[in-house]
Amino acid sequence: GSSHGGYDYSFKILLIGDSAVGKSSLLVSFISSQLEDLAPTIGVDFKIKVLDVGGKKLKLTIWDTAGQERFRTLTGSYYRGAQGIILVYDVTRRETFTNLSDVWAKELELYSTNKDCIKMLVGNKVDKESEREVTKEEGAAFAQESGCLFLECSAKTRSNVEKCFEELALKILEVP
Ligand code: GDP
C-alpha cells in the first residue's frame with residue numbers, strides 16, 4: 001500500500017556466481033531501459049526497481065556482489081533476509097557452471113538461512129552461441145536437481161533478462 005511508498009511487497013534478491021559471468025551486466029540491463037556499453041563492472045552493491053507483476057507493485061532490491069566473489073568472502077550478512085537468489089553462470093565457460101555445484105551451492109547451504117528462499121539458475125551470454133560450452137539441457141537438469149527455476153539469457157541483447165526477474169518475483173509472491 002501507499003503507506004510505504006507505492007508498492008505492495010518488498011523483496012531482497014541476490015546475484016551470485018563466479019566473477020565475470022555477467023551478474024552486474026544483468027542488473028544494469030534489467031534496470032536501465034536502453035542498452036549501455038557493457039564494460040566490466042565492480043562495486044555496484046545494489047539497485048532498486050519497482051515491477052508491476054500480477055496486478056501488484058513489487059519493490060525489488062537486487063544485490064550484486066561488488067566483485068567480492070573473487071575472494072569468496074560473501075558472508076551471512078549478504079544472504080540475510082533474501083527472498084530470492086539468482087545463480088548465474090556463463091554458458092561459454094563450463095567452469096562457471098561446475099562451480100555452481102562445487103562452490104556456490106555449498107556456500108548457500110552454509111549462509112542462506114531462509115528455507116523459503118526461491119532460487120533461479122541463469123545461463124548468461126547466449127548471444128555467443130558459437131562459443132557455447134554448456135547445453136541448455138545440462139542447465140535444465142542441474143536446475144531440476146537443485147530445485148531452481150531455470151532460464152538462459154543475454155545481458156547484452158537483453159533477451160530473457162526481464163523474464164528472469166519477473167519469474168523469480170512471481171514465484172516469491174506464491175510463498176505463503
Ligand atoms: P560480473 O563480474 O559477474 O558482474 O560480470 P560483468 O557484468 O562485469 O561482465 C563480465 C564481462 O562479460 C564484461 O566484459 C561484460 O561486458 C561481458 N558480458 C556480460 N554479459 C554478457 C552477455 O550476455 N553477452 C556477452 N557477449 N557479454 C557479456
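**Threonine 96**

I looked up the side chain of threonine 96 and found that it reaches the backbone nitrogen of aspartate 90 at 2.9 Å. I work on a predicted model here. The side chain of threonine 96 also reaches the backbone oxygen of arginine 93, at 2.7 Å. I placed threonine 96 in helix H3, residues 94-111. Is threonine 96 buried or exposed? I noted a relative accessible area of 0%, so threonine 96 is buried, the cut-off being under 20%. I then listed the contacts of threonine 96, leaving aside neighbours within four places in sequence: Asp18, Val21, Tyr89 and Asp90. Aspartate 90 thus turns up in the contact list and as the partner whose backbone nitrogen the threonine side chain reaches.

**H3 against H4**

I stayed with H3 and took up its packing with helix H4, residues 136-145. The two axes come within 11 Å and cross at roughly 10°. Because angles under 35 degrees count as roughly parallel, I recorded H3 as roughly parallel to H4. Which residues meet? From H3 I noted Arg94, Phe97, Leu100 and Ser101, and from H4 Glu138, Gly139 and Phe142. By class, I entered three nonpolar, two polar and two charged residues for this contact.

**H1 against H5**

Next I checked helix H1 (residues 23-31) and helix H5 (residues 161-174). Their axes come within 9 Å, and the crossing is at roughly 90°. That angle lies in the range of 65 to 115, so I put H1 and H5 down as roughly perpendicular to each other. Leu26, Ser29 and Phe30 are the H1 residues in the contact, and they meet Val161, Glu162 and Phe165 of H5. I sorted this contact by class into four nonpolar, one polar and one charged residues.

**How enclosed H1 is**

I asked how many residues of H1 are buried. Eight of the nine are, so H1 is largely enclosed by the rest of the structure. I wrote them down as Lys23, Ser24, Ser25, Leu26, Leu27, Val28, Ser29 and Phe30. What do these buried residues pack against? I found E1, E2, E3, E4, E5 and H5.

**Phenylalanine 30**

I singled out phenylalanine 30, which sits in helix H1. Its relative accessible area is 0%, so I count phenylalanine 30 as buried. Not counting residues up to four places away in sequence, phenylalanine 30 touches Lys49, Leu51, Leu60, Ile62, Arg158, Val161, Glu162 and Phe165. I also took one distance: the C-alpha atoms of phenylalanine 30 and leucine 87 are separated by 16 Å, with the two residues 57 apart along the chain.

**Nonpolar cores**

I turned to the largest nonpolar core, which has 26 residues. Which of them touch the most other members? I noted Leu60, Ile62, Ile86 and Phe165. The elements giving two or more residues to this core are strand E1 (9-16), H1, strand E2 (46-53), strand E3 (56-63), strand E4 (84-90), strand E5 (118-124) and H5. H5 supplies the largest share, six residues. I followed phenylalanine 165 further and, leaving aside neighbours within four places in sequence, found contacts with Leu26, Phe30, Leu51, Leu60, Ile62 and Ile86. Apart from this core I recorded another, of 21 residues, including Leu14, Trp104, Phe142 and Ala143. Phe142 I had already met as one of the H4 residues in the contact with H3.

**Serine 154**

I looked for serine 154 and found it in the loop between strand E6 (149-152) and H5. Although in a loop, serine 154 has a relative accessible area of 0%, so I entered it as buried. The side chain of serine 154 reaches the backbone nitrogen of lysine 156 at 3.1 Å. Leaving aside neighbours within four places in sequence, I listed its contacts as Asn124, Lys125, Val126, Asp127, Ser159 and Val161. Val161 is also one of the H5 residues that H1 meets.

**Whole chain**

I closed with the totals. I counted five helices and six strands in the protein. From the N terminus on, I read the order of elements as β-α-β-β-α-β-α-β-α-β-α. Buried residues make up 45% of the 176 residues. How much of the contact total with a separation of 6 or more comes from residues 24 or more positions apart? I noted 74%.

Definitions and conventions
Residues numbered from 1 in each chain as written. Predicted model: local features only at pLDDT ≥ 70, side-chain atom pairs only at ≥ 80, totals over all residues. Heavy atoms only, no water. Helix = DSSP H or I, 4+ residues; strand = E, 2+ residues; numbered from the N terminus. Buried < 20%, exposed > 50% of the residue type's maximum accessible area, 1.4 Å probe, protein only. Polar contact = N/O pair within 3.5 Å; in protein donor to acceptor, adjacent residues only side chain to side chain. Contact = heavy atoms within 4.5 Å. Axes fitted to C-alpha atoms, helices over the stretch in contact; angles between N-to-C directions. Parallel < 35°, antiparallel > 145°, perpendicular 65-115°, else oblique. Nonpolar A, V, L, I, M, F, W, Y, C, P; charged D, E, K, R; others polar. Core = buried A, V, L, I, M, F, W, Y, C linked by side-chain atoms within 4.5 Å.
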